[in-house]
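Trainee: I'm getting to know this protein and would love a close look at one small part of it. Could you start from a single residue and work outwards from there?

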Amino acid sequence: MGLHLRPIDIVEDITEQDFREKYLKPRIPVVIKNMAKKWPAYQKWTMDYMKEVVGDVEVPLYDSSKADPSAPINASAAKMKFGDYIDLIKTTPTDLRIFLFDPIKSAPKLLEDYIAPKDLMGGFLDNYPSMFFGGQGSETFLHFDIDMAHIFHTHFIGRKHILLFDYKWKERLYQIPYATYSLEDYNISNPDFENFPALDGVEGIECFLEHGDTLFMPTGWWHWMKYLDGSFSISLRAWDKSWAVKAHSLWNLTVQRNFDNFMKRRFKKRYMDWKEGLAIKRANRALKKGLPK
């Protein structure tokens with residue numbers, strides 16, 4: 001009984017041909033050890049440096065509590081000045097995280113410190129890539145990215161534990177209907193197989209990132225992340241060439257998101273209870289049928 005986790009592939013460096021053939025085309029995750037060592041950020045990006053260049057901008061913070069059924073997705077739990085938050089995670093375990101705030105917009109000089117891996121692929125999307133900060137022990141709930149992009153996720157300062165699951169396992173992971181996250185009543189790092197039997201036998205990949213490691217996460221991969229130390233990461237996003245994936249992204253960002261927010265506002269807890277019940281029914285049905293095959 002249990003999850004079937006294998007260690008992630010790790011390479012020091014990789015050529016464009018090997019990356020495309022072994023990882024991009026088959027959509028398999030990999031950790032690239034040396035990519036960020038070529039960046040100025042590898043030496044420059046410390047907690048104190050981020051605090052200095054970003055300053056005292058007020059930022060939204062997110063915790064590990066279950067989502068409020070009546071609130072739009074990604075509603076923040078608290079706010080704090082960025083510098084005060086950096087001081088907090090340097091010294092104190094906390095489940096407070098920063099995401100959906102871009103320090104680079106407040107400190108454009110950070111744009112000079114990283115290099116998008118265009119030698120490996122094209123299609124990079126962001127003028128201002130996303131950055132993520134977390135205190136020791138904070139967790140990012142199990143989800144996949146709504147825009148269905150490929151992600152190059154580079155970590156700094158501390159360590160991060162990551163579990164990855166192919167998109168095909170979505171029903172067995174208890175995906176919430178009309179959403180890109182799973183049922184929040186179980187802990188994927190220590191699953192309760194008695195109450196959530198569909199998790200038994202799910203196949204995934206386990207990964208640990210250290211300072212300067214870059215994780216390539218292909219489109220649609222589910223991921224759960226835990227900050228083992230107060231630390232931060234940057235994600236560079238790139239389009240998949242598939243028009244079907246692009247259409248899926250557009251659907252998620254427009255029709256699905258707007259419908260879900262409307263239903264939350266209109267029906268609140270009743271709607272969320274229905275979604276959670278349907279997630280459980282779908283998971284049990286997939287388990288009974290032995291899906292995915």
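Where does D213 lie, and between which two strands?

Mentor: Happy to, with one reminder before we start: this is a predicted model. D213 is in the loop between β11 (203-209) and β12 (214-217). Its relative accessibility is 3%, and since buried means under 20%, D213 counts as buried.

What surrounds it? Leaving aside its neighbours within four places in sequence, D213 is in contact with V31, I32, K33, H153, T154, H155 and F208. You can place several of these on the strands. V31 and I32 belong to β3 (30-32), while H153, T154 and H155 belong to β9 (150-156). F208 is part of β11.

Let's follow the chain back from β3. P29 sits in the loop between α1 (16-24) and β3. This proline is buried, with a relative accessible area of 1%. Apart from residues up to four places away in sequence, it touches I8, D9, Y23, L164, I205, L215, F216, P218 and W221. Two of those partners, L215 and F216, bring us back to β12, the strand that follows the loop of D213. For a sense of distance, P29 and V202 are 173 residues apart in sequence, and their C-alpha atoms are 17 Å apart in space.

P218 and W221 also lead to an empty space inside the protein. A search of the whole structure finds two cavities of 30 Å³ or more. The second largest cavity has a volume of about 50 Å³, and P218 and W221 line it together with D145, M148, A149, I151, M217, G220 and H223. By class, that lining has six nonpolar, two polar and one charged residues.

M148 deserves a pause. You'll find M148 in the loop between β8 and β9, and M148 has a positive phi of about 60° although it is not a glycine. M148 is also buried, at a relative accessible area of 5%.

The neighbours of M148 take us to R237, in strand β14 (residues 231-238). Among the residues R237 touches are D147, A149, H150 and I151, and also G123, F124, L125 and D126. Of these, D126 is joined to it by a polar contact of 2.4 Å between the side chains. Is R237 buried or exposed? At 19% relative accessibility R237 counts as buried, just on that side of the cut-off, as buried means under 20%.

Strand β14 also has a part in the largest pocket, whose volume is about 750 Å³. Of the 33 residues lining this pocket, the closest to its centre are F99, L100, F132, H143 and D145. D145 should sound familiar, as it is one of the residues lining the second largest cavity. The elements that each supply at least two residues of the pocket lining are β6 (97-98), β7 (130-134), β8 (139-143), β9, β13 (222-227), β14 and α6 (243-289). So which classes of residue does the lining contain? It has 16 nonpolar, eight polar and nine charged residues.

Both β7 and β14 meet helix α3 as well. The buried residues of α3 pack against these two strands and against α2 (41-44), α4 (82-91) and α5 (103-106). In α3 (residues 47-54), the buried ones are M47, Y49, M50, V53 and V54. Seen down the helix axis, they fall within an arc of 165°, so they line one face of α3. The helix is followed by G55, which has a positive phi near 85°.

To finish, have a look at α6, another contributor to the pocket lining. K268 is in this helix and has a positive phi of about 50° although it is not a glycine. Unlike the buried M148, K268 counts as partly exposed, with 45% relative accessibility. In the segment after α6 you come to P292, which is joined to L291 by a cis peptide bond with omega about -5°.

Terms used
Residues numbered from 1 in each chain as written. Predicted model: local features only at pLDDT ≥ 70, side-chain atom pairs only at ≥ 80, totals over all residues. Heavy atoms only, no water. Helix = DSSP H or I, 4+ residues; strand = E, 2+ residues; numbered from the N terminus. Buried < 20%, exposed > 50% of the residue type's maximum accessible area, 1.4 Å probe, protein only. Contact = heavy atoms within 4.5 Å. Polar contact = N/O pair within 3.5 Å; in protein donor to acceptor, adjacent residues only side chain to side chain. 1 Å grid on protein atoms, 1.4 Å probe; cavity = no way out; pocket = protein on both sides within 12 Å on 5 of 7 lines; lining within 4 Å. Points joined across faces, edges and corners; volume = space filled by probe spheres on them. Nonpolar A, V, L, I, M, F, W, Y, C, P; charged D, E, K, R; others polar. Arc of directions from axis to C-beta.
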